Amino acid sequence: MTLTLTVDAQQWRTHLRSFADQVPGLVPVAKGNGYGFGNQRLAEEIARLGIGVLAVGIAEEARDLLDAGWSGDIVILNPWRPADELATALLSEPRVISTISRADDLTAVKAVKADARVQVEVRTSMQRHGVLTGEIPQVELGGLRFEGWSIHLPATGSLAEATKLAQAATAHAPGEVWVSHLSVADYIRFREQFDGQARMRVGTRLWLGAPAALTTTADILDVHPIRRGDQLGYHQVGAPKDGFIVIASGGTAHGIALAAPVPQRTLRQRLVTMATGALDAAGRSLSPFALGGKKRPFAEPPHMHSSMLFVAGPDALVAVGDKVPVTCRMTTTSFDRVVFS
Ligand SMILES: *Cc1c(COP(=O)(O)O)cnc(C)c1O
């Protein structure tokens with residue numbers, strides 16, 4: 001009894017193919033939970049698309065894909081740090097391209113592997129990693145195999161920012177420019193400006209860009225009638241009304257009900273979110289499980305592998321063995337099964 005992702009293989013692969021066709025130089029990203037599919041599955045799809053390079057987040061993910069038989073190149077997106085032993089070992093792996101985000105690290109990398117394959121990341125308005133424009137002159141590549149510059153833009157990346165940074169970087173050391181988060185149209189313009197010497201890393205828009213091809217379902221494990229005031233669950237709270245307790249597969253072990261923090265713009269918004277959090281703690285928050293066509297509240301906070309839901313009224317709406325739709329955040333959900341149909 002499981003939480004299942006069902007993929008309409010033909011529809012999904014048609015989308016992957018058409019996206020890849022629109023984005024010459026596409027570098028698919030396979031990291032974290034593999035956007036719900038698992039990184040290994042994504043690597044197989046990348047090979048099927050005939051693309052010979054992929055990007056991962058961290059050294060461990062690169063090692064796992066190499067162990068699983070990926071035979072193309074792998075870019076590690078998190079910047080190399082001296083204390084990361086695995087990332088340091090992978091500097092000597094011919095298929096791995098490491099990201100360097102501080103000019104000083106280049107010296108340390110050269111000491112480990114004089115001809116390591118590297119990209120150098122430039123700091124963008126994201127303010128995450130990368131050398132500042134003013135530090136670009138300190139980037140000394142020596143005998144390293146330079147695989148290009150990396151520009152990681154905010155979610156709605158700006159062509160103007162990418163162009164400005166890329167011009168500053170390539171004036172110092174010519175090479176490819178790998179960007180992320182430009183619209184497809186902007187990326188095509190960017191690539192033209194740089195004579196085709198550009199690539200774009202994409203995860204979400206590629207893997208999750210055809211939502212109609214993806215169905216997420218939970219199995220109903222149990223259904224019990226309950227009377228108003230009867231105690232239930234770990235926390236022995238009283239049922240708010242007469243109705244039913246429905247146990248569905250899918251809980252914290254799968255990442256169910258882990259909401260993404262909402263970007264906070266104002267203090268007022270923050271306070272509103274805190275107030276909502278208090279409601280959640282009282283167990284009255286809406287669950288992602290739809291029963292009878294509507295999302296139902298949790299009867300109590302979800303458990304490791306299952307969730308207790310509450311259905312008010314005389315009809316339970318579901319029976320043991322039914323499969324019900326569940327809305328999953330794909331980057332935080334571990335499915336028990338991924339089924340291609
Ligand atoms: C994760 C990541 C991407 C892909 O992000 P999506 O929003 O999933 O497309 C691209 N570039 C870098 C540097 C990343 O870390």
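Which residue in β15 does Leu291 stand opposite? Leu291 stands opposite Lys294. This is a predicted model. The protein has 341 residues, and 47% of them count as buried. Nine helices and 18 strands make up its secondary structure. Along the principal axes, the C-alpha trace spans about 75 × 45 × 40 Å.

**The open sheet**

- Eight strands form an open sheet, and their pairing is parallel.
- The strand order is β2-β9-β8-β7-β6-β5-β4-β3.
- At the edges sit β2 (26-28) and β3 (53-56), each of which pairs on one side only.
- From one strand to the next, the twist averages 30°.
- In general, strands of a sheet pair through backbone hydrogen bonds, in either a parallel or an antiparallel sense.
- Edge strand β2 pairs with β9 (residues 198-202) over three bridges, in the parallel sense.
- Leu26 has Met200 in β9 as its bridge partner.

**Two residues within the sheet**

- Val53 belongs to strand β3, which is one of the edge strands.
- Why does Val53 count as buried? Its relative accessible area is 6%, and buried means under 20%.
- Val53 and Asn78 are 25 residues apart along the chain, and their C-alpha atoms are separated by 16 Å.
- Ser150 lies in strand β7, which covers residues 145-152.
- Ser150 is buried too, because its relative accessible area of 4% is under the 20% cut-off.
- The side chain of Ser150 makes a polar contact of 2.9 Å with the side chain of Arg201.
- Arg201 is also one of the residues around the ligand.

**The ligand site**

- Which residues are around the ligand? They are Val29, Lys31, Tyr35, Leu77, Arg128, His152, Ser180, His181, Arg201, Val202, Gly203 and Thr204.
- By class, this shell has four nonpolar, five polar and three charged residues.
- Lys31 places a polar side-chain atom 2.8 Å from an oxygen atom of the ligand.
- Gly203 approaches through its backbone: an N or O atom there lies 2.8 Å from a ligand oxygen atom.
- Thr204 uses its side chain, with an N or O atom 2.7 Å from an oxygen atom of the ligand.
- How much of the ligand's exposed area does the protein bury? Taken alone the ligand exposes 380 Å², and the protein buries 86% of that.

**The β14-β15 hairpin**

- Strand β14 runs over residues 286-291.
- Five of its six residues are buried, so β14 is largely enclosed by the rest of the structure.
- Its partner is β15 (residues 294-297), and the two pair in the antiparallel sense over three bridges.
- The antiparallel sense here contrasts with the parallel pairing of β2 and β9.
- Across this pairing, Leu291 stands opposite Lys294.
- How many residues lie between the strands of this hairpin? There are two residues between them.
- In this hairpin Gly292 takes a positive phi near 60°.

Definitions and conventions:
Residues numbered from 1 in each chain as written. Predicted model: local features only at pLDDT ≥ 70, side-chain atom pairs only at ≥ 80, totals over all residues. Heavy atoms only, no water. Near = heavy atom within 4 Å. Polar contact = N/O pair within 3.5 Å; in protein donor to acceptor, adjacent residues only side chain to side chain. Areas by Shrake-Rupley, 256 points an atom, 1.4 Å probe, with all protein chains shown as cover. Nonpolar A, V, L, I, M, F, W, Y, C, P; charged D, E, K, R; others polar. Pairing = 2+ DSSP bridges. Helix = DSSP H or I, 4+ residues; strand = E, 2+ residues; numbered from the N terminus. Axes fitted to C-alpha atoms, helices over the stretch in contact; angles between N-to-C directions. Buried < 20%, exposed > 50% of the residue type's maximum accessible area, 1.4 Å probe, protein only.
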